[in-house]
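Let's look at how some side chains sit together in this protein. Take a moment with the sequence and the model, and then we can work through a few questions.

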Amino acid sequence: MGDAVPSGWTIDNPTPMVPTAGNPYEFTYTGALKVGEFKIPTATGSWDGDFFMPPTNGEGTTGKDAIIIAEGKVDNKWKITEAGTYKITFNQLYETISIVKN
């Protein structure tokens, strides 16, 4: 969720990621991203939930780490600097992310 993704900053209906067949920990999103920021919530409906985010705020598309932050205590976000179609591959178990512009 964030201003870079289609759903914006809505905690009730974030842009969905698709589960990878055969891997319950991996999810992907392929689609449009705007210039802006995003982070990945673990649940909907509350800003006090846990989020996956980069270790440092403003990390671009080259960062590979996606750490979980309990209760959103830190507010780091990935930064998209060029609008376009991207593929995001996120793995909860290994806390990794790949952000590739197509």
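Q: Which residues do ring pairs link into a cluster with Trp9?
A: This is a predicted model, so keep in mind that every value here is computed from it. Ring pairs connect Trp9 with two further aromatic residues. These partners are Trp47 and Phe51.

Q: Are the rings of Trp47 and Phe51 stacked or edge-to-face?
A: Rings pair if their centres lie within 6.5 Å, and planes under 30 degrees apart count as stacked. For Trp47 and Phe51 the centres are 6.4 Å apart and the planes meet at 20°, so this pair is stacked.
By this rule there are four aromatic pairs. The answer for Trp47 and Phe51 is therefore: stacked.

Q: Is Phe51 buried or exposed?
A: A residue counts as buried under 20% relative accessible area. Trp47 has 42% and is partly exposed. Phe51 has a relative accessibility of 1%, so Phe51 is buried.

Q: Which residue lies over the face of Phe51?
A: Here we look for a charge sitting over the ring. One is found at 4.5 Å from the ring centre of Phe51. The residue is Lys39.

Q: How many residues apart in sequence are the parts that Phe52 and Phe90 tie together?
A: Phe52 and Phe90 form an edge-to-face pair, with 4.7 Å between centres and 70° between planes. Phe52 lies in strand S5 (residues 51-53), while Phe90 lies in strand S8 (residues 84-91). The pair therefore ties together parts whose separation in sequence, in residues, is 38.

Q: What is the relative accessible area of Phe90, and is Phe90 buried or exposed?
A: The cut-off for buried is under 20%. Its partner Phe52 is buried at 5%. Phe90 is also buried, with a relative accessible area of 2%.

Q: Which residue takes a positive phi in the hairpin of S8 and S9?
A: S8 and strand S9 (residues 96-101) run antiparallel and are joined by six bridges. Asn91 stands opposite Thr96 in S9. The hairpin has four residues between the strands, and the one with a positive phi near 50° is Glu95.

Q: Which residues have the most contacts inside the largest nonpolar core?
A: This core has 16 residues. Strand S2 (23-33), strand S7 (78-80), S8 and S9 each supply at least two of them. The residues with the most contacts inside the core are Phe38, Ile97 and Ile99.

Definitions and conventions
Residues numbered from 1 in each chain as written. Predicted model: local features only at pLDDT ≥ 70, side-chain atom pairs only at ≥ 80, totals over all residues. Heavy atoms only, no water. Phe/Tyr/Trp six-rings, centres within 6.5 Å; stacked < 30°, edge-to-face > 60°. Buried < 20%, exposed > 50% of the residue type's maximum accessible area, 1.4 Å probe, protein only. Helix = DSSP H or I, 4+ residues; strand = E, 2+ residues; numbered from the N terminus. Lys NZ or Arg CZ within 6 Å of the ring centre and 35° of its normal. Pairing = 2+ DSSP bridges. Core = buried A, V, L, I, M, F, W, Y, C linked by side-chain atoms within 4.5 Å.
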